[in-house]
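Grab a pencil and work through these short exercises on aromatic rings. Try each task before you read its solution.

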Amino acid sequence: MIKKNSICKLIKNVKTLITSDEFRTKHCLEDNAFTRNRKLSFQDIIFFILGLPRKSLPTELDLFFEEKEFSVSKQAFSKARYKISYQAFEDIFQMSTDIF
């Protein structure tokens with residue numbers, strides 16, 4: 001059985017990993033990707049994908065970014081998503097399996 005402490009530790013570690021600059025530079029496919037402060041940050045894209053959207057992409061983007069009071073088009077999200085390596089998600093999965 002999964003304990004509450006393990007889940008809290010996992011969430012904390014994943015959040016720390018995703019927000020680290022080392023993780024961002026390691027998993028960006030372009031050298032200059034996500035270096036400036038834009039609407040779609042590296043962390044926002046990772047958190048959105050990990051949230052497992054179930055509705056249509058424009059609807060989920062509106063729901064995800066409604067707190068920030070701006071909207072993001074699906075084209076902008078797709079373009080930004082392709083700047084992140086698939087290995088970022090493998091690292092997150094590996095860390096989660098190590099914790100459990």
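Rings of Phe, Tyr and Trp (its six-membered ring) pair if their centres lie within 6.5 Å; planes under 30 degrees apart are stacked, over 60 edge-to-face, and the rest tilted. This is a predicted model, where local features need pLDDT of at least 70 and side-chain atom pairs pLDDT 80 or more, while totals for chains, interfaces and linings use all residues. Residues are numbered from 1 along each chain as its sequence is written, and side-chain values use heavy atoms, with hydrogens and water left out.

**Exercise 1.** Count the aromatic pairs, then classify F34 and F42.

Solution. The pair rule gives 6 aromatic pairs. Now take F34 and F42: their ring centres are 5.7 Å apart and their planes meet at 70 degrees, so we call the pair edge-to-face.

**Exercise 2.** Work out whether F34 and F42 are buried or exposed.

Solution. Start with the cut-offs: buried is under 20% relative accessible area, exposed is over 50%, and partly exposed is in between (1.4 Å probe, protein chains only). F34 and F42 are both buried.

**Exercise 3.** Do the same job for F64 and F65.

Solution. First, the rings: F64 and F65 sit 4.9 Å apart, centre to centre, with 85 degrees between the planes, which is edge-to-face. Next, the cover: F64 has a relative accessible area of 30%, so it's partly exposed. F65 comes in at 1%, so it's buried. Last, the company they keep: F64 and F65 belong to one aromatic cluster with F48, F70 and F77.
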